[in-house]
Amino acid sequence: MFVKRLVYSYTKTWNRLQQRASGGSKHGDYTDITPLGRYFSTDATHPPDDGQKPVTVSLYHMKRIIKASGTVLGDSIEGPTCIQTCCPVCHIVPGAEGKSATDAAWNKIFVNKTTGNFTCSSCQYLGRWDHIEKFFPPYSRTPKTVQELRKLRDAFLELKSEHVGAVCSVPGYATVVDTIERAQEIIKTLCLENIIPDTIITVKARWNEEKRELFVPLVDVEDRCVGYKSLRMDPDGEICEQTVPETNASGLIQLRCSPSSPGTKAKELSQTNAILVLNVLDLLALGSVKLNATAVCLPHGLKTLPQQCLPGLERFQRLTLWFNYDTAGWDTARNYAKKLDERRCLFVRPTDQHPTPYRALLEGTLEPKAILSKAQPILHQSITTFRALRQDVLSDLQNIDKVQGVKWKRYPTLNKLLKGHRKGELTVLTGPTGCGKTTFMSDYSLDLVQQGVSTLWGSFEIRNTRLAVTLLRQMVGRPLDENLSEFEQWADAFERLPIYFMTFHGQQPIKIVMEAIEHAQYVHDIQHVIIDNLQFMMGVLDEAKHLDRYWKQDAIIAAFRTFATKRNCHVTLVIHPRKERDTDELTTSSIFGGAKASQEADNVLIIQDKRLTSVRGKKYLQIAKNRYSGDLGIMPLDFDKASLSYAQRKKKPEGADDGGTPVREPEEQTVRRTV
C-alpha cells in the first residue's frame, strides 16, 4: 500500500514536471491559474493534488515524525510558529549514508505549526507537509521502496530547483550608502526630518542619484537579500514606498536600535524583543531613538503577512505591534498576532495619543519610548473589563468614519444605509430564483476588492471560469469578446487584485469547506468570504442523511458566525428563500430554514423582483436588517447589460448631450429603526 502511494505521488509529480517543460503553465505560484484570477491553493507554489481541500495535519503527528528522525538529522528546534529541522531531501539519499546535518547547515526547513507548509531556507521554496513527510527517516528499507523513493526524490529536487534564485535583488545601478556625509545628503534630499544618518547605513541602503530613489533590502532568515523597498518623493512632497516583489515577499528589514543603557543585559534584550512596523520611515524613526529592541519592517504593510516571513521572527521572545493608529491598523494587528502566537505579542493601542513612530518623532510631544511603555497584551479571551476596553472605545470614537468600514464606490445608497463594509460581520443575501443574486454579489464584492479588501469566493453553483468572466466584464465595463486586443491588459490588472477562488463545485460537507476557508484566511489574510450558496453544504454525508435539514442549516450558520467573530472576517451567505407566491414580497421570514439565519446575521439583504408581477414593476435591494446603525431602506437595481453591473449612475434627460443637467435618481426610502 505504501509503495502504491509512492508510485502514484511520483507519477503526479512527473506529469507536473512534463507539463511545465512543455510550457503548460506560465505562472510560478498557481499551476491551475487562469488569466483572470487566482484559484485558491493551499500553498504559494502549487495547488493541492486533489484541487479541492487543504491538507490537514496534526501538530502532534508532525512533531512525532520529526523527532523520530533526530538520530539522522539532528535535534529539531520548536519555535512559536515553526519547527526548524534539517531538510531530509537535501541530506539523505534513500539506501545510502546521508550527510551529517552539520555539513550543510544552511539547508534547513521551517515547518509551519498551523498549516504544515514548510519553507526551505536555501531557496525559499514553499511546499506542503505531505510532499516531504515520506522522506523523513526511518522508512522501509526494501529494495523496491528505496528505488521508488530515489525516483521521487529526484523529481522533487528538480521541482524545487525551479524556484532557486527567484529573488528580486536591489538594482545594480544604485550605489551603497556607506558614509555619514552621503547619508546626510539623502536625508536632506528626501526631507527625512529627525532621522539619524547611521540608521540608513545600518540597513545597507542603496541610493540612485539620478532618480533620487532610496533602496532598502529585504533579507530572509539567512540574511540574504530577497527583495527591497524603494522610497522616493512625489511631486506633492510626500514619501512614496513600494515593495518588490509586490506579493509573497519572504524578507524583512531589521534594524537594531541604539540601546538605552550600555551593558550585556541591554544587548540581550535588543536581540529578543522586536517592534513590528509597517513602513521604512517608522523603522528609521525607531532606529533614531534609544531602545532595547530590534525594529522590524514588514514587507506588505496592512495587506498581508506571508508565512514565509515567520521564520525570520522566530528568535524574538516578545513582539510589539505598532501599526497605524486607526481601526484598520488595529484589526490587522490582532489578525497578525494570531499568526505570530498571541502569547508573545503586545500592542500599541491606536489612539491620537499613540501616533506611529515617525509621526511621534516629528511632533515631539511624546517620546516613542513612553508610547512603548503603554503597550498591552491581549487579555483572556473570555473575560474583560471596561478598563481593558477603554482605549478601544476611545479609538472607535476618534476614528468613527473608519470604524464604519470600507465604503462602496458603486453603491452610495449602501453607504448611507449600511455605513460601510465591516470585518467580523455576517451578511445574508436572499432573493427569488433568477433575480441576479450572483451577478449582484460579484459586482458588490468587486467594488471592495478594488479597494484592497482581500476576498475568497466560494461559488458552488457556477464554474469559476464563468464567475471570473463576469467579474472581469464588470471591472472593464463592456464586453471583452468584442475587444479581445485589450484582454491581456485587463487580465493583468485583474490578476493583481487580492481575490481568490475555492475550487469546490456542487454539494460539499461543511467540514471540508471550513478547513479551506480557515486555511485561506491564515495564509492569504482573507477579509471577506462569499458562499454562493448555503444549500450546497447540506445533506451530502451518509451519516447526516437522517438529520433534520433545518438542524443542519442552523449548524452551518453557527459555524460561519463563529468563524466571522473569531477570525474578524466578514462572511456573506447567499441563501435561497422559501417558495412564496410571486405577488408576495419577501421578508426575513422568507429565508429558507429556521429563524437562525436572520437572528445570527448582522445584515439581511433581500432582492425584490416585481418585474414579472406588475407592468411597472421594478427590481430593488431591500436592507431588511442592519445591526450596526439600524437604518433600513431600499436601493433601486438598474441592470446595465453591457457591463453586467447594477452600479448606480446619474441619469441624463432624453436628448441631452454630455453637458446636459443630470436627472436625480429616485430617492431611496430610508427607515430609522429604534434600537
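**Figure 1. Cysteines of the predicted model.** A search of the whole structure, which is a predicted model, returns zero disulfides. Cys 225 takes part in no disulfide, and the nearest cysteine sulfur, belonging to Cys 168, is 8.8 Å away. The cut-off for a disulfide is a sulfur pair within 2.5 Å, so the separation of 8.8 Å excludes a bond between Cys 225 and Cys 168. Cys 225 has a relative accessible area of 30% and is partly exposed, whereas Cys 257 is buried at 3%. In general, a disulfide is a covalent bond that links the sulfur atoms of two cysteines.

**Figure 2. The second largest cavity and its lining.** Seven cavities of 30 Å³ or more are found in a search of the whole structure. The second largest cavity holds about 80 Å³ of space. Its lining consists of Leu 302, Lys 303, Thr 332, Asn 335, Tyr 336, Lys 423, Gln 521, Asp 525, Ile 526, Gln 527 and Asn 568. Sorted by class, three of the lining residues of the second largest cavity are nonpolar, five are polar and three are charged. Helix α11 (residues 327-340) supplies the largest share of this lining, with three residues. Domain 2 (175-400) and domain 3 (405-636) each contribute at least three residues to the lining of the second largest cavity.

**Figure 3. The open sheet β7-β8-β9-β10-β11.** Five strands, in the order β7-β8-β9-β10-β11, make up an open sheet with antiparallel pairing. β7 (175-176) and β11 (239-244) are the edge strands, each paired on one side only. β7 runs antiparallel to strand β8 (residues 206-208), and two bridges join them. Thr 175 has Trp 207 of β8 as its bridge partner. As a general point, the strands of a sheet pair through backbone hydrogen bonds, in either the parallel or the antiparallel sense.

**Figure 4. The open sheet β2-β3-β4-β5-β6.** A five-stranded open sheet follows the order β2-β3-β4-β5-β6, and its pairing is antiparallel. The edge strands here are β2 (77-78) and β6 (126-127), each of which pairs on one side only. Between β2 and strand β3 (residues 82-86) there are two bridges, and the two strands run antiparallel. Across this pairing, Ile 83 in β3 stands opposite Glu 78.

**Figure 5. Strand β19 and its parallel neighbours.** Strand β19 (residues 455-459) is mostly covered, with five of its five residues buried. Thr 455, Trp 457 and Ser 459 point one way from β19, while Leu 456 and Gly 458 point the other way. β19 pairs with strand β20 (residues 499-501) in the parallel sense over three bridges. The pairing of β19 with strand β21 (residues 528-532) is likewise parallel and spans five bridges.

**Figure 6. Trp 457 within strand β19.** Trp 457 belongs to strand β19. Its bridge partner in β20 is Phe 501, and in β21 the bridge partner of Trp 457 is Ile 530. Trp 457 counts as buried because its relative accessibility of 0% is under the 20% limit. The C-alpha atoms of Trp 457 and Thr 572 are 9.8 Å apart, although 115 residues separate them along the chain.

**Figure 7. Leu 286 in helix α10.** Leu 286 lies in helix α10 (residues 280-287). With a relative accessible area of 0%, Leu 286 is buried. From C-alpha to C-alpha, Leu 286 and Ser 258 are 9.0 Å apart in space, and they are 28 residues apart in sequence.

**Figure 8. Cis peptide bonds in two loops.** Val 244 and Pro 245 are joined by a cis peptide bond with omega of about 5°. Pro 245 is located in the loop between β11 and β12 (253-256). A cis peptide bond also joins Asp 532 and Asn 533, again with omega of about 5°. Asn 533 lies in the loop between β21 and α21 (549-567).

**Figure 9. Asparagines with positive phi.** Most residues other than glycine have a negative phi, and most peptide bonds are trans. Asn 194 has a positive phi, near 70°, and is placed in the loop between α7 (180-189) and α8 (197-202). Asn 194 is partly exposed, with a relative accessible area of 46%. Asn 248 has a positive phi of about 55° and sits in the loop between β11 and β12. At 30% relative accessibility, Asn 248 is partly exposed.

Terms used. Residues numbered from 1 in each chain as written. Predicted model: local features only at pLDDT ≥ 70, side-chain atom pairs only at ≥ 80, totals over all residues. Heavy atoms only, no water. Buried < 20%, exposed > 50% of the residue type's maximum accessible area, 1.4 Å probe, protein only. 1 Å grid on protein atoms, 1.4 Å probe; cavity = no way out; pocket = protein on both sides within 12 Å on 5 of 7 lines; lining within 4 Å. Points joined across faces, edges and corners; volume = space filled by probe spheres on them. Helix = DSSP H or I, 4+ residues; strand = E, 2+ residues; numbered from the N terminus. Nonpolar A, V, L, I, M, F, W, Y, C, P; charged D, E, K, R; others polar. Domains from an automatic or database assignment. Pairing = 2+ DSSP bridges.
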